[in-house]
Amino acid sequence: MFEKKKIEEISSSSMVSIVHLPPHLSFERPPHKRINIDMISYLPDNVLNHILSFLSTEDAIKTSILSTKWRYLWTYLSVFDFYSIWPNRICSLLHEITTLIDKSNHHQIEIKRLTIRIPEPEVPLDAHKVASLVTSLLTLKIIDLQFRINGKEHLKTSCMLPRRFSPSYSLTKLHLHIGGYALHIPNGIHIQFPSLKTLNLSYATFENEESVEQFFSGFPVLEELTLYHCYWLFMDHITIAISTLRMLTIHVDPYSLNDCNDNEEMSLKIDCVNLLSLTCISDPTIQFVIVKPPTSLLDAYIAFSLHSTEQYMEYAAEYVSRCAVGLLSGLASVKSLTLSEGTFIEPPDIDDHFHLLPKFHNLTHLCLHLETNFFTRKSFMQFLLRCPKLEVLAFPLGYYTFKDNDDWALIPLPCCFKSSLKKLHITNFDGFACEIQFVEFFLENATVLEEFQISLSCSRRSKYNSKNLADLKNRFVGMGSCDIQFRSSEYEIKTYLSCEKCCFTYVF
Amino acid sequence: MAQEASSSTSSKTISLKTGDGEIFEIEASAAKQMKTVQRLIDDLGDDITIPLHNVFSKELPKIIEYYKKDITGEITKDFEAEFVKDLNDDEVKVLFLAANYLDANKLFEFLSQNIADRLESKSVEYVRKYFGVENDFTPEEESKLREERAWSFRGIKEDE
C-alpha cells in the first residue's frame, strides 16, 4: 500500500506536470483506456508555448484565434518576426507591435529578438509616429532588433530621432532600415548604446559632420558596423572613429552624391585601429583615408565603380588612382585583399603613384575580380613586388594586360614566385599567343606552385573551348612544377564564389 | 567494487510495464534519457518492473526505438525523417504526450518541431481540431480578431 502511493507521488512530481483531466471528462474515461489525444490542449502553457516557438510568428499569432485560453499565449514567445506583405494593413501590424511593447514595458513578457519588416506603404506613414515607434523599440529590454520599412518615397517628412534618450542596456544587435532616406540623425545627438555590438544602418541621413561624430561616439563597445546607402548631406569630410570596431562595411550609393557634392574632394576618414575586416563599395571619387592603419587587418574588399563617366572625365584618371592607392596604403597589414570592379579606371600610372603603395607584409591572398583588369603586366609585377608572402593569386586577363611593351620582363621577379606562391588562378583566357606566353612565364618562374587553374573565357574570339582543350593541355605538358587544370567558361563564376575568402554576398 | 557495479548497470536492461499491462525491456542507459523513468528507478531500484500508467503498448516500442538509436549516437536527420514519415497526426500527438510524461527531452524537442511542421500554414480550424480546442469566442469577437490579424495572413495550405 505504502509502496504504491510512493510510485504515484513520484510520477506526479515529474518536471512537466502530468495532465490533469477536468472533472467532467475523467468520469467518462475508464482507467485502462488510451490517452485521449485531445489532452494536448490541457497541457500547461509553457509546453504549448514550446510548440509555438517552432512555428513562424505568423502561424503562432494565428493561434490567438483558437480560443480565449490561447489568445495571449503567443505573446510569451521570445522571438518574433513580423513580416507583412499587405501595404494596406500596416496600421494593424503596428498596433500589434505597440501591444507587445506595452506588455514588455509592464514586465508581463520578455522579448529577446524582434524583427519587423514592413512593405512599402500604400499611404505615406506619419513620420512622428514612426519616430516614436522606433524610439520605443530602442528602449525595450530586448537583445536583437531589426526594423525595416521598404520603399523610397513614403514618409512625407523626415523621421527624426530624438536628440537625447537612453536606449536599452540589453540591446546588442540593431538593424535599422527606413527607406527613402527618411531617418535623420540630427545635430546635437547624444544617445549612448551601452551594449550594442552590431549596427546595420541603411538609408540614414546625417545632418552634418558633427552629427556623424556625435552619433558614433555613442557606441562604446561596437564591433560590427554596416553603413548602407547613407546620405551625407553637404559634407566634405566625414570621420568614423570607433576604436572597438572589428568589422566595417561601407556601401555608398553613387547616386546620392551627385546632387549635393560638387566638391570633388570629399573624404571619408576611417579611424579604427583594431579593424579586422573592411568592405568598401563606393564611387572612386570619395577619398577614403585610413587615419590609423589597422595593425592586424585580416581581409579587405574594395569595389569602386564609376557611374557617370561624363561627369568624371574631368577628374583625371590619375585622381582615381591616387584615391585607390591612398586607401591601399592604409591597409598594409592586410592578409587577404580583393579588388573588384573599377578600383582603377585606367592602367595606373605607376611612375606617379605606385611608389606610394606600402609593402603588404602579411598578404597571402590576392584576388582581382576586376571587370576589366586594368593592370598591365608591368604594373601587375610592380604590385606583386610588394607582396613578398603571397600564396594565393587570382586574376583575369584583360584588354590592358598586354598593352605595355616588352620591358615588363625587365622588372625584377617578385620574390613570392619562388618562395610562397602556391595557388594560381587565371581567368578569361582566350588563347592568344601573348596569353600563352604569360602562362609559360608563370610556369617557369613560380617554382613552388601546387595548384594552377585556368578558366577559359566565354567570348566568341576565344580560341579554345571544351572541344580542343586537349591541344591546349599539350602545349604546357612538362612545364612547371604542377599540372594545369583547365575549366571551361561555365565554371568561371562558380570558381570565383568557391574561393573561400571572396564569396561576399550583400544582403540588406 | 564500485567499478564492478557500474559496469554491470551499463549492460543492464530495465523492464517497463505499460498502462495496458504489456512489458518491454530497455537498456539502462536509454532509461537514463527518460527522466521520469530514471527517477522511478532511483527510488524503487532497477530490479523491479517500472510501471508507466500513461504510456501504452502502441507507442512505447517507438520511443524505445528512438532511444536505442540515441545511445549509439546514430540519430541523423534521415533517421528522424524516417521515424515520423509514416505517422499520422494523431500518432505524433500520442508520442508527444508520452515523451512529455516520460520527460524524455530529446524526443520531446524533436516531436515539438514535427508538430509545428505539420501545423505550418494550416487554417485556424485545422489547428483547433488538432489541439482539440473548443472555440469559446463569440462570432463577433472572432471576426474582430481575424480582422486585427489580417496583416499576418499570407496563405493557407489545403487542409488534409
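Here is a short conversation about a predicted model and the terms used to describe it.

Reader: Why is A:Tyr169 called exposed?

Author: Its relative accessible area is 65%. Exposed means over 50%, so A:Tyr169 earns the word with its 65%.

Reader: Where does A:Tyr169 sit in chain A?

Author: You will find A:Tyr169 in the loop between β4 (159-160) and β5 (173-178) of chain A.

Reader: Which residues is A:Tyr169 in contact with, leaving aside its neighbours within four places in sequence?

Author: Those are A:Pro194 and A:Ser195. Contact means heavy atoms within 4.5 Å, so each of these two residues has heavy atoms within that distance of A:Tyr169. As for A:Leu140, its C-alpha is 9.0 Å from that of A:Tyr169, and 29 residues separate the two in sequence.

Reader: Now chain A as a whole. What share of its residues count as buried?

Author: Of the 508 residues, 53% do. Buried means under 20% relative accessible area, so 53% of the residues of chain A fall under that cut-off. The chain has 16 helices and 22 strands, and its accessible surface comes to about 23600 Å², with 51% belonging to carbon and sulfur atoms.

Reader: What makes the contact of α5(A) with α6(A) 5 nonpolar and 1 polar by class?

Author: Look at the residues that meet: A:Leu94, A:Ile97 and A:Ile101 come from α5(A), and A:Leu133, A:Ser136 and A:Leu137 from α6(A). Leu and Ile count as nonpolar, while Ser is not listed as nonpolar or charged and so counts as polar. That is how the contact comes to 5 nonpolar, 1 polar and no charged residues.

Reader: How do these two helices, α5 (residues 90-105) and α6 (residues 127-139) of chain A, pack?

Author: They pack at an angle of about 35°, with their axes 11 Å apart. The crossing of α5(A) past α6(A) is left-handed.

Reader: Over to chain B. Why are β2 (23-27) and β3 (50-51) said to stand at the edges?

Author: The open sheet there has 3 strands in the order β2-β1-β3, with mixed pairing. Each of β2 and β3 of chain B has a single partner strand, so one side of each is left without a neighbour in the sheet.

Reader: How do you know that β1 (residues 13-17) of chain B pairs with β3(B)?

Author: Two strands pair if at least two bridges are found between them. Here 2 bridges join β1 and β3 of chain B, so the requirement is met; the strands run parallel. Within them, B:Leu16 stands opposite B:Ile50.

Technical notes: Residues are numbered from 1 along each chain as its sequence is written. Chains are lettered from A and ligands numbered from 1 in the order in which they are written. This is a predicted model: local features need pLDDT of at least 70, side-chain atom pairs count only at pLDDT 80 or more; totals for chains, interfaces and linings use all residues. Side-chain values use heavy atoms; hydrogens and water are left out. Helices (H or I, at least four residues) and strands (E, at least two) are DSSP runs, numbered from the N terminus. Buried means under 20% relative accessible area, exposed over 50%, partly exposed in between (1.4 Å probe, protein chains only). Accessible areas come from the Shrake-Rupley method with a 1.4 Å probe; for residues, only the protein chains shown count as cover. Axes are lines fitted to C-alpha atoms, for helices over the stretch in contact, and angles run from 0 to 180 degrees between N-to-C directions. A crossing is left-handed if the near helix is turned anticlockwise from the far one by less than a right angle, and right-handed if clockwise.
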